[in-house]
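User: I want to learn how to read a chain contact and a ligand shell. Can you take me through them step by step?

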Amino acid sequence: MWGSGILKGFAITMRNMFRGPITVMYPEQKLTLPERARWAVAPRYDAEGRPKCTACLICVNECPDHVLNLEVSKSEDGAKHIDRYVYEVGACMMCGLCVEACPFDAIEMSHEYELATRDHGDLVRVLLRDVDAASTRRAKGGDDA
Amino acid sequence: MSALGILGRFAAMLVLLLVNGVVLIYMLRKVLGRLHLRIGPNRVGPFGLLQTTNDVIKLLTKEDLRPDSADAWLFNIAPYLIFVPSFMAYIPLVFGPTLAVTNLDTGLLLAFALTSLVPLGVLMAGWSSNSKWSLIGGMRAAGLQIAYEVPLLLSALGPVMMAGSLDPARIVAAQSGVWLGFIPRWFVIPQILAFVVYAIASQAETQQTPFDMSEAESELITGFANEYGGMRFGFMYLAEFSNTFIVSAIGTMLFFGGWQLPWVATPAWLAPFVFIAKTYTGIFVMMWARGSLPRFRVDQMLSFCWKVLIPVSLAWVVVWACVQRLWPVVAMAVSR
Ligand code: SF4
Ligand code: SF4
């Protein structure tokens, strides 16, 4: 019938009126994120609280945005030492490729989504600073610990 | 009437207009919000009640800008030309058996005459802004409102014929009592077709979605008003809401028995509340339409008016005139 679409539209909006708002009052109320939501990259730690990163640089090479950077030094016995693990969260597109690429499960996509800052400098984060890199064997569950 | 009495009445009209403006803007935001599953204003004051007052303060304190190339004289008076008629149109409204600004034998005519002055101001605003978007908005408003004036007036003729008067007070009075013992004598029942035409035409007359091409947020960014700021814009905005109130109030008087409650006699003190409640119900329906329908195209709109609404309302006037003339004859023949 001519005009039935209009009536249908009216019915839909009236039904909405009785359904009540679906707005989540954001700063006061928050939705729980789905488990696989991808937000800022964060390092992972082992049971003793040491970072699991081995400084293999795979993530650094993998990142399409070039926002990860590892400053690594080597001690005399050849063990790697992480001076700084720098992450430019402001330029990260949360693609998760770094996490997928990491063979040691040393980083994760966290659920931290409130990323706005007042200071531009805060958009560059140092994830790890001045720690020994996990040795490859230990990270793989080896017996050298 | 003494000069003081006249001033007092004008003050009352102004207060009513301002209060209406503030309440209606808040109501519009809340209603549109709820229709779209949102909450609407909720931050300023409890339930966002102070949002409109804050907006008014903002408009009052804003810089009054005029584009260099605008036609200064026309640009400055256009908002008042839009505002004053919609202010004056409160004159013929009948709020109760004894409560009206003044009693006019041709009150209805005055109301329609005043509302039809609005497109002039709109066109003036659009032209004098010297911006193509404003001009497009102004031209659309003129074309549209002049076109929709015709069915609006024609649809009012049915109730006028039934009441036999152009005086709103008498039209309302003619709707007291019941038909067949239980149907309230509201003209909407026999005049349902005229009412539908009136509802559509008044939505267009007040430039509300789906007929808001002259503002057309998405293409013209408020059209004719887009070079205006501060209180000049405030006047246009206020006029728009007061026009909404007026068409709804006239509709209430023409079709829904004005200040009268159905079935029972209305005490004089209750009458204005009944009238306002009915008017606001009408406004709610207009907002409901506003929140439900997308905007028409200009050509669709104009052809709808000239090819559907005007013929229908013209035919209705003719049909109703015949019915009204023949009814006593038929009734007499039947009763014999
Ligand atoms: S999530 Fe993507 S863009 Fe962000 S650091 Fe990892 S690889 Fe780079
Ligand atoms: S985070 Fe993973 S991929 Fe990146 S350097 Fe550390 S161990 Fe290698």
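User: How much area is buried between chain B and chain A, and what share do carbon and sulfur atoms give?

Analyst: Keep in mind that this is a predicted model. Buried area counts both sides, as it is summed over the two parts. Here chain B and chain A bury about 1500 Å². Carbon and sulfur atoms account for 73% of that area.

User: Which three residues of chain B supply the most of the area it buries against chain A?

Analyst: R34(B), L37(B) and W288(B). Together they supply 41% of what chain B buries there, more than any other three residues.

User: How many residues does each chain bring to the contact?

Analyst: Chain A brings 16 residues and chain B brings 14.

User: What polar links join the chains?

Analyst: Count pairs first, then look for charge. There are 6 residue pairs in polar contact between chain B and chain A. The salt bridge count is 1. In that bridge, the side chains of E28(A) and R43(B) meet at 3.2 Å, N to O.

User: Which elements of chain B give two or more residues to the side that touches chain A?

Analyst: α1 (3-35) and α11 (271-292) of chain B. The largest share, 5 residues, comes from α11(B). By class, this side of chain B has 8 nonpolar, 3 polar and 3 charged residues.

User: Now the ligand. Which residues come nearest to ligand 1?

Analyst: C63(A), C92(A), C95(A), G96(A) and C98(A), out of 14 residues around ligand 1.

User: How does that shell divide by class?

Analyst: Into 12 nonpolar, 1 polar and 1 charged residue. Mind the classes: Cys counts as nonpolar and Gly as polar.

Notes:
Residues are numbered from 1 along each chain as its sequence is written. Chains are lettered from A and ligands numbered from 1 in the order in which they are written. This is a predicted model: local features need pLDDT of at least 70, side-chain atom pairs count only at pLDDT 80 or more; totals for chains, interfaces and linings use all residues. Side-chain values use heavy atoms; hydrogens and water are left out. A residue is near a molecule or strand if one of its heavy atoms lies within 4 Å of it. Contact means heavy atoms within 4.5 Å. Buried area is the accessible area (1.4 Å probe) that two parts lose on being put together, summed over both. A salt bridge is a side-chain nitrogen of Lys or Arg within 4 Å of a carboxyl oxygen of Asp or Glu. A polar contact is a pair of N or O atoms within 3.5 Å; within protein, one must be able to donate a hydrogen and the other to accept it, and residues adjacent in sequence count only if both atoms are side-chain atoms. Helices (H or I, at least four residues) and strands (E, at least two) are DSSP runs, numbered from the N terminus.
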